[in-house]
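Reader: Could you walk me through this model and tell me what stands behind each term you use?

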Amino acid sequence: MYLTMDEEKIYGGESGETLATCMEILVTLGEIYGADRLIPVRSVQVAGVSYRTIGDAGLKWIRDLKAETRVPAILNPAGMDLKDWKKMGINEDFAERQLEIIQAYERLGVRPECTCAPYHVCRVAGFRDHLAWSESSAVSFANSVIGARTNREGAPSALAAALIGKTPNYGLHLDENRIPTLTIKVDGKLEGSDFGAVGHIAGPLVKNETPIFEFEVKPTPIELKQLGAAMAATGSVALYHVKKLTPESGLYPEPVEAITIEWSEIKEVYDCRCEPDLIAIGCPHIGPEELSRLAELLKDKQVKKELWIFTSRRLAKQHKEEVNQITKSGAKIFCDTCMVVSPASERFRCMMVNSGKALNYVPKICGVQCTLGTTEECIQKAVGEKR
Amino acid sequence: MKIKAHRISKGRASGSALITTEPISFLGGINPETGVITEKGSTLEGKSVSGKILIFPGGIGSTVSSYVIYQLKKNNVAPAAMINIHTEPIVAVGAIISEIPLVDQPEKNPFEAIKNGEEIFVNADEGYIEKSEGSYQ
């Protein structure tokens, strides 16, 4: 792998131990994957934030680093709301460690904004920008919907990219790995959470292919967010295209191979599996439109079951009116975290979600049963209305 | 006898070989406080990796495993060096941040060329593995 003179110097330790280690991480990964050089990145999203995920070992590593980020870097969700953690039922020990992790990242210049949907809060990714993002749904959205370029980075490699400002040039940074290789035709007039259900089904079908979808309807960006998030969860798909819609869809020849997902398969994903004692919305974190929609649905209503809504702190601050309307109903809005990465969900028996991604992860990571509903059904369940 | 290998993480170290032909998941498979392998059913269950030349095909499991390797090092119970058939990114990054010498793709199959308990020298800087004097049979 080719390194510039400056990069060689950093590699050789002239800029200190931390940067030498970071450079070594990037170069080694580059060599494993056959990268020709390092390329500058516009922004970094660092995973490995929840204390439950990285533990004392991760905290120790981050704390031992001595460097400053070179590009805008923000964090993936933490294991709790950094302010309202008590309201989530998080214990003091966990909270203390979690806050130490955030401080350790902040000391390096990483912004303490914890979100899996960075594209809702700041302009840190554009068409053809190279990025080093970590969280699978954010990676999918950046690649597919924005047309930016990022591999799915591990926690230390994303942080290394933030401190060096570069990433090895391989995988999804290259045109040849972005070509669609499988057409997926989807039956039916889908809306909302149906797209999460499609992603849930498509993930395992896609394997190592790059899919291009053909829908009967035109999905919104929010619906694409749900599609990509679910597909990344069930099949680690980091890039997809949608015919005549996503930015790169027209750039490549049509794949030869095609499969169809039937409407009946999509409906099956909704088969009720349990009676929820918690309804959770915000996987991935909700954006401004979803916040308004929820405020509208909850107007003048009172929830009878626990309803938790997850978003980024910045968005909650910017939309106080909607937030007030939602919390007046008795629903709780939590920031910086989500139902998947926080241990707070573990005390419940059955969670209802509108997300294909959460449907996959909640049973596996939280050990809680999970059932899928549309956003409207989730709210009806929470306020005790019959479907 | 020198065996050429591909450097992943720099450094050099010697120790006695601890070999498993199964992939290792550092998260959940090794106690980071003691270095003892806890993986149920592993041929190495109950053995400590501390100070050993750990030879295994490669790693499996989540990216958090990189941090477990780091924790082993900080607790002074890490392997002295590691040899893989094919290193994947998780173990690679773990070895780099922990400054543990690591090589992969040795030109001879290490599971045949090296026996458990043999004294081994790993020179990742120059990309080779060597059996120490006295361990020749």
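The conversation below takes the two chains in turn and sets values against definitions.

Author: Happy to! This is a predicted model, in which local features need pLDDT of at least 70 and side-chain atom pairs count only at pLDDT 80 or more, while totals for chains, interfaces and linings use all residues. Residues are numbered from 1 along each chain as its sequence is written, and chains are lettered from A and ligands numbered from 1 in the order in which they are written.

Reader: What makes the count of helices and strands in chain B what it is?

Author: Helices (H or I, at least four residues) and strands (E, at least two) are DSSP runs, numbered from the N terminus. On that basis chain B comes to four helices and eight strands, and along the sequence they follow the pattern β-β-β-α-β-α-β-α-β-α-β-β.

Reader: How do you know which strands of chain B are neighbours in the sheet?

Author: Two strands pair if DSSP finds at least two bridges between them. In chain B this gives an open sheet of eight strands in the order β1-β8-β7-β3-β4-β5-β6-β2, with mixed pairing. β1 (2-4) and β2 (6-9) of chain B each have a single partner strand, so they stand at the edges with one side lacking a neighbour. On average, neighbouring strands of this sheet are turned by 30° against each other, direction ignored.

Reader: Why are β3 and β4 of chain B called a pair?

Author: The definition asks for at least two bridges, and three bridges join β3 (residues 12-19) to the parallel β4 (residues 53-56) in chain B. For one of them, Ala17(B) has Ile53(B) as its bridge partner.

Reader: What does helix α3 of chain B touch on the sheet?

Author: Contact here is between residues whose C-beta atoms, placed from the backbone, lie within 7 Å. Helix α3 (residues 89-98) of chain B touches β2, β5 (81-84) and β6 (102-104) of chain B, and its direction makes about 65° with that of β2(B). Axes are lines fitted to C-alpha atoms, for helices over the stretch in contact, and angles run from 0 to 180 degrees between N-to-C directions.

Reader: Which strands stand at the edges of the four-stranded sheet in chain A?

Author: That open sheet has the order β4-β3-β2-β5 (chain A), with parallel pairing. β4 (111-114) and β5 (132-133) of chain A stand at the edges, because each has a single partner strand. β5(A) pairs with β2 (residues 44-46) of chain A over two bridges, and Gln45(A) stands opposite Trp133(A). Helix α6 (residues 155-164) of chain A lies across β2, β3 (73-75) and β5 of chain A, at about 145° to β2(A).

Reader: Why is chain A called as compact as a globular protein of its length?

Author: The radius of gyration is taken over C-alpha atoms, and the globule rule is 2.2 Å times the number of residues to the power 0.38. For 387 residues the rule gives 21 Å and chain A has 21 Å, so the description holds. Chain B agrees with its rule too: 13 Å, against a value near 14 Å for 137 residues.

Reader: How many residues count as buried in each chain?

Author: A residue is buried if 20 or more other C-beta atoms lie within 10 Å of its own, exposed if 12 or fewer, and partly exposed in between, with C-beta atoms placed from the backbone. By that count, buried residues make up 54% of the 387 in chain A and 47% of the 137 in chain B.

Conventions
Two residues are in contact if their C-beta atoms, placed from the backbone, lie within 7 Å.
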